[in-house]
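Here is a friendly walk through one protein model, moving from its strands to its ligand and then to the chain as a whole. Please keep the structure open beside the text as you read.

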Amino acid sequence: MTEQTVKLTTPGGDFKYPLLPGSVGPDVIDIRNLYGQTGEFTYDPGFTSTAACQSAITYIDGDQGILLHRGYPIDQLAEQSSFMEVAFLLLHGDLPKKKELDEFTYTISRHTMVHEQLATFYRGFRRDAHPMAIMCGVVGALSSFYHDSTDITDPNQRLIASHRLIAKMPTLAAMAYKYSIGQPFLFPQNDLSYTGNFLKMTFGVPAEPYVVNPVIENALDKIFILHADHEQNASTSTVRLAGSSGANPFACIAAGIACLWGPAHGGANEAALNMLREIGDVKNIPAYIARAKDKDDPFRLMGFGHRVYKNFDPRAKVMKATADAVLKELGKTDPVLDVAKELEHIALNDAYFIDKKLYPNVDFYSGVILNAIGFPTEMFTALFALARTVGWVAQWNEMISDPEQKIGRPRQLYVGATQRDYTPVGKR
Ligand code: ACO
């Protein structure tokens, strides 16, 4: 097959650039030689048209509402798989055989404890500290405990660091919660599932046995699967950028957690539930829809819209069904779920949202479920970070193993002052 090229006409002449095909999805124009040949950069704030890497992990078709992990559709994984299996899939590229899955699950369960010294970090935080503030700190601090798995040139050390991160995130997140309510930390119990263990460390107390509810365990496991990876989103790109300098994996994941915290990204589930509570009643929805459409009002419908999905976020569909299942199991009714469903219905029939292709995203219903299970809103993004750690470490490993990997170093369009001479302070 002859290589396809794209012709670029610049003031300095015409240049040809190779068009690289992916296995599916848009081709990319390889402009690596652009600056060297033309002396010009490209300008793309927010990287809306820029592929920063090759990746074989996750594929999204935002127009069709398709999300595939290693080729498998997200709804099949959410319905039929488990978070441990998806973690193996993302890390290693294929679904595990039974023995591989058992070994992987065993390995993860044997890394769930954290160093006792790490527990003292928690006491340095205020009791009302946001769990994401704690997570940024304690995950970064892991680097100082595991010097035997920070040589990023050694694939075995990379794998051990990945296992440690996946295994310890539930322990660290549960400890953040326990600290906020003044209860003692609970040790992990390795014969429970990954998700059951997290539920126990979060909601159990040492004074009595904790029985994991399989419906809740299953729902939370699904939520973890739905958040496991999402190709080159802001936090994953942050992990890659931090890792591109050779930083250790614990520091890179701490950077990802910091990025995820923002309300335009992982913080949206917390913001979405707060918004639904603020709306409070179905009768108040039209006023909020009007605010969302008002150009002079900064208000946005949280949990709506996505940079990539210009169709239904496939994860939102699974999330909506899970919300119904959890509320039924718990015998709860939640007016917030009624507000959410009605808001979705009204927005999806409104010209503003139709024209701008704004659909509910994964965060629109997840808050309702997490709230019903008993998680305070401040924990929502920490749960997202827990699940996304799997994607982050898979993407980080892929990047380090990529022979084309370089330190990430974007360029800029400089619009500041041109060279001028310094004047002493007394003469200004
Ligand atoms: N409510 C009302 N209007 C919206 C919304 C919204 N939630 N989202 C986008 N718009 C409008 C914008 O005002 C803009 O209108 P304009 O063209 O008239 O200026 C247009 O739709 C495009 O919006 P952008 O912000 O340019 O789109 P972008 O791709 O940059 O943003 C984002 C995507 C950040 C997710 C945005 O839709 C948003 O802020 N949504 C609410 C926050 C949210 O739910 N984030 C979760 C994302 S999913 C995740 O991280 C897991």
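Strands β4 (residues 58-61) and β5 (residues 66-69) run antiparallel and are joined by four bridges. Strands here are DSSP runs of E with at least two residues, helices are runs of H or I with at least four, and both are numbered from the N terminus. Two strands pair if DSSP finds at least two bridges between them. Across this pairing, Y59 stands opposite L68 in β5. Four residues lie between the strands of the β4 and β5 hairpin, where G65 takes a positive phi near 70°.

This is a predicted model, in which local features need pLDDT of at least 70 and side-chain atom pairs count only at pLDDT 80 or more, while totals for chains, interfaces and linings use all residues. Residues are numbered from 1 along each chain as its sequence is written, and side-chain values use heavy atoms, with hydrogens and water left out.

Follow β5 onward and you meet its pairing with strand β6 (residues 72-73), again antiparallel, with two bridges. L68 stands opposite P73 in β6, and L68 is also the residue opposite Y59. The β5 and β6 hairpin has two residues between its strands, and R70 in the turn has a positive phi of about 50°.

Now to the ligand. What surrounds it? There are 20 residues around the ligand, the closest being K295, R300, L301, G303 and K356; a residue counts as near if one of its heavy atoms lies within 4 Å. By class, this shell has ten nonpolar, five polar and five charged residues. In that scheme Ala, Val, Leu, Ile, Met, Phe, Trp, Tyr, Cys and Pro are nonpolar, Asp, Glu, Lys and Arg are charged, and the others, Gly among them, are polar.

The table lists polar contacts of the ligand, meaning pairs of N or O atoms within 3.5 Å.

| Ligand atom | Protein partner | Distance |
|---|---|---|
| nitrogen | polar backbone atom of A264 | 3.4 Å |
| oxygen | side-chain N or O atom of R300 | 2.8 Å |
| oxygen | side-chain N or O atom of K356 | 2.8 Å |

Taken alone, the ligand exposes 920 Å², and the protein buries 75% of that (Shrake-Rupley method, 1.4 Å probe).

Finally, step back to the whole chain, which has 18 helices and six strands. Its C-alpha trace spans about 75 × 70 × 55 Å along the principal axes. Buried residues make up 47% of the 428 residues, where buried means under 20% relative accessible area (1.4 Å probe, protein chains only).

Notes
A polar contact is a pair of N or O atoms within 3.5 Å; within protein, one must be able to donate a hydrogen and the other to accept it, and residues adjacent in sequence count only if both atoms are side-chain atoms. Buried means under 20% relative accessible area, exposed over 50%, partly exposed in between (1.4 Å probe, protein chains only).
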